[in-house]
Amino acid sequence: MFSLPWWIYLVVAGIIFSGYMTVKTAAREREIDEAFIEKEGEIYMERIRQERERRKQAKSLQ
């Protein structure tokens, strides 16, 4: 096992670490994206509620 040069072990360790960080970062970005989408969805739903209320009030005034 120790017949390879020391720098090859560093390269392998770097590849493994890079893969780990890629997976970790992708998971974090997915969480951020989901939170953003949820927030935007709430804003959209609030606009729909306000529009319904506005139409309801306009209809009752007629």
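Where is alanine 13 found? Alanine 13 sits in helix α1. That helix is a good way into this predicted model.

Start with the overall fold. The protein has 1 helix and 0 strands. The radius of gyration is 27 Å, well over the 11 Å that the globule rule gives for 62 residues, so the protein is more spread out than a compact globule. The box around the C-alpha atoms says how that spread is laid out. Along the principal axes, the box is roughly 90 × 15 × 5 Å. Helix α1 covers residues 6-61.

Now look at the surface. Of the 62 residues, 0% count as buried. The protein exposes about 6,300 Å². Carbon and sulfur atoms supply 63% of that area. Alanine 13 fits this picture. Its relative accessibility is 42%, and it counts as partly exposed because the buried class is reserved for values under 20% and the exposed class for values over 50%.

Next comes an annotated stretch. UniProt, in an unreviewed entry, places the feature "transmembrane region" at residues 6-23. In the model, residues 6-23 are 100% helix and 0% strand. The end C-alpha atoms of this stretch are 26 Å apart.

Turn to the charges. The protein carries 11 positive and 10 negative charges. The mean positions of the two sets are 6 Å apart. Side chains of opposite charge can pair when their charged atoms come close. Which pairs do so here? With a cut-off of 4 Å between a side-chain nitrogen and a carboxyl oxygen, the count comes to 4 salt bridges.

One of them joins arginine 49 and glutamate 46. Their closest N and O atoms are 3.0 Å apart. The two residues are 3 residues apart in helix α1, so about one helical turn separates them. How accessible are the partners? Arginine 49 is partly exposed, with a relative accessible area of 42%. Glutamate 46 is also partly exposed, at 37%.

Move along the chain to glutamate 51. What does its side chain meet in a salt bridge at 2.4 Å, N to O? The partner is arginine 54. Both residues lie in helix α1, 3 residues apart, about one turn of the helix. Arginine 54 has a relative accessible area of 48% and is partly exposed. Glutamate 51 is partly exposed as well, with 28%.

Glutamate 51 has another partner. It forms a salt bridge with arginine 55, where the closest N and O atoms are 3.1 Å apart. This pair also lies in helix α1, 4 residues apart, again about one turn. Arginine 55 has a relative accessible area of 57%, so it is exposed by the over 50% cut-off. Taken together, Glu51, Arg54 and Arg55 are linked in a network of salt bridges.

Finally, return to alanine 13 and set it against this network. Arginine 54 is 41 residues from alanine 13 along the chain. How many Å separate their C-alpha atoms? The separation is 61 Å. Alanine 13 is in helix α1, and arginine 54 lies in helix α1 too. The radius of gyration of 27 Å describes the protein as a whole, more spread out than a compact globule.

Notes:
Residues numbered from 1 in each chain as written. Predicted model: local features only at pLDDT ≥ 70, side-chain atom pairs only at ≥ 80, totals over all residues. Heavy atoms only, no water. Rg over C-alpha atoms; globule rule 2.2 N^0.38 Å. Buried < 20%, exposed > 50% of the residue type's maximum accessible area, 1.4 Å probe, protein only. Areas by Shrake-Rupley, 256 points an atom, 1.4 Å probe, with all protein chains shown as cover. Lys, Arg positive; Asp, Glu negative; His and termini not counted. Charge placed at Lys NZ, Arg CZ, Asp CG, Glu CD. UniProt positions renumbered as here; feature names shortened; annotations may be inferred.
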